[in-house]
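Trainee: I have a chain open and would like to go through one part of the fold. Can we take it step by step?
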Amino acid sequence: MRPKSESLLDTVAALATPLGRSAIALVRLSGDRTRAILSAVAPELPDPIEPRRPYLVPLIRADGDVLDRGLVTLFAAPASFTGEDLAEISVHGSPIVVERLLRALVAAGARPARPGEFTERAYRLGKMDLVEAEAIRDLIDSRTEGAARAGAKRLAGALSSRLAAAREDLLAAATALTATIDFAEDVGETVDPSVAVRLRSARDALARLAASYETGRLLSAGCRVVILGPPNAGKSTLFNALVGSARAIVTEVPGTTRDTLEATIDLCGIPVDLVDTAGLRETDDRVERIGVERAREEGERAAAILYVYDASEGWTDGDRAAMTAFDGRPVAVVANKIDRLGAAAPPAESLLPFAALAVCGLAPEAGAALRSLLARTIAAGVTSDAASEVLASVRQRDLVERARADADQALAALDGGVSPEYAATHVDSALAALADLFGETTSEDVLQRIFSTFCIGK
């Protein structure tokens with residue numbers, strides 16, 4: 001059973017479209033008093049109102065002042081998004097009109113909705129499980145096509161189906177183990193071989209899902225990549241090549257970049273927050289020194305580093321010292337300005353004790369080469385299989401991993417000839433983890449944290 005909430009006794013209202021001026025704004029209303037509140041703010045609606053039929057009617061306040069002429073549609077319970085009576089009111093997209101309408105709805109008996117409360121109600125009333133509810137947030141928050149596709153598939157139930165298949169294996173194993181325990185005096189404690197088969201199937205499926213978390217994390221949270229290197233190495237040129245436009249100012253004068261500059265690029269579906277920085281060097285220039293300090297701070301925050309040096313100047317002690325400060329984080333090294341080496345010079349990558357991408361940042365192919373380098377550095381484990389499913393949160397990963405570990409412990413108990421009661425205990429624990437994952441036993445505190453991360457109106 002899903003947890004219930006006293007808040008379901010209220011009828012809630014909220015703007016479902018983004019704040020600001022627009023052609024249309026959509027306000028949602030959900031709860032037992034939806035029809036009565038609609039009658040108060042739209043008295044020209046027919047009684048009874050026909051569900052799923054839009055009505056263009058005046059919207060008024062309690063004092064008779066006209067708010068707007070809007071389109072009102074009722075979705076009757078239980079055939080609505082939330083499972084309750086739900087109305088959608090489309091009005092002209094003026095923030096003032098929206099604010100006045102919301103005040104009128106509250107005056108008629110509604111309460112302003114909390115973040116994610118419409119989805120929370122849909123979850124509590126059985127319209128979706130918690131994995132699918134979380135997918136709505138992930139889909140809304142997606143910043144790349146890859147992230148949007150992954151969120152849409154989870155919302156459609158693809159991940160829930162794979163988890164349900166693993167749970168079915170665990171339930172079958174639990175049933176067989178219970179039968180063995182209950183009838184041990186009659187038939188002995190010999191466990192049906194199908195139990196091990198079921199447990200192995202569940203364990204392996206859960207292990208694959210647990211391993212998918214890193215992909216899901218990258219797709220949703222993204223990766224912060226900071227470009228570092230000495231002055232005049234061509235960092236801003238490479239930043240522009242990656243972004244695909246002249247975002248950063250580029251000159252031949254060392255120290256041109258004084259502050260950080262950010263842009264987001266889509267790399268294999270991962271939203272990569274790319275940061276251009278000032279050149280790393282000691283300087284007496286006060287403004288440049290601040291820029292260098294910010295560059296070092298960005299380097300400490302980064303999930304990965306793109307380190308650029310001037311191939312025509314060679315690999316210096318300063319470059320070597322900078323590399324030691326990256327604490328084992330992924331680093332991609334670029335030897336820039338190879339066009340200045342001359343035909344007789346050795347290739348830039350042969351001058352280093354490790355691999356470096358040799359490029360001319362001004363060359364047309366530089367952007368593609370740099371993207372390929374970053375993909376190998378931060379996205380090597382990201383699957384491109386359109387049929388694959390990925391876990392999207394630490395909560396999902398931890399519960400799947402717990403279920404996997406318990407299934408593994410149950411298998412080990414059977415293989416070791418331990419009493420079937422011990423194996424059954426681990427199977428029950430695995431099933432409890434999956435019940436929590438689906439939201440069937442999730443605590444109110446956890447639910448509150450999950451839905452507080454949603455936007456208002458969804």
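Trainee: What do S10, helix H12 and S11 make?
Mentor: A right-handed β-α-β unit. Bear in mind that this is a predicted model. The unit takes in strand S10, residues 304–310, then helix H12, residues 317–323, and strand S11, residues 331–336.

Trainee: In which sense do S10 and S11 pair, parallel or antiparallel?
Mentor: Parallel, over six bridges.

Trainee: And which residue stands opposite Leu-306?
Mentor: Ala-332, which belongs to S11.

Trainee: What about S12, how many bridges pair it with S11?
Mentor: Two, again in the parallel sense. Strand S12 covers residues 357–358. One pair to look at is Val-334 with its bridge partner Leu-357 in S12.

Trainee: So S11 has a partner in S10 and another in S12. How many of its six residues are buried?
Mentor: Five of the six, so S11 is largely enclosed by the rest of the structure. Buried here means under 20% relative accessible area.

Trainee: Changing topic: how many helices and strands does the chain have?
Mentor: There are 16 helices and 12 strands.

Trainee: What share of the whole chain is buried?
Mentor: 49% of the 458 residues. The accessible surface comes to about 21500 Å², and carbon and sulfur atoms account for 54% of that.

Trainee: Last one. Among contacts between residues at least 6 apart in sequence, what share join residues at least 24 apart?
Mentor: That share is 68%.

Note on methods. Residues numbered from 1 in each chain as written. Predicted model: local features only at pLDDT ≥ 70, side-chain atom pairs only at ≥ 80, totals over all residues. Heavy atoms only, no water. Buried < 20%, exposed > 50% of the residue type's maximum accessible area, 1.4 Å probe, protein only. Helix = DSSP H or I, 4+ residues; strand = E, 2+ residues; numbered from the N terminus. Pairing = 2+ DSSP bridges. Right-handed = clockwise from strand over helix to strand, strands pointing away. Contact = heavy atoms within 4.5 Å. Areas by Shrake-Rupley, 256 points an atom, 1.4 Å probe, with all protein chains shown as cover.
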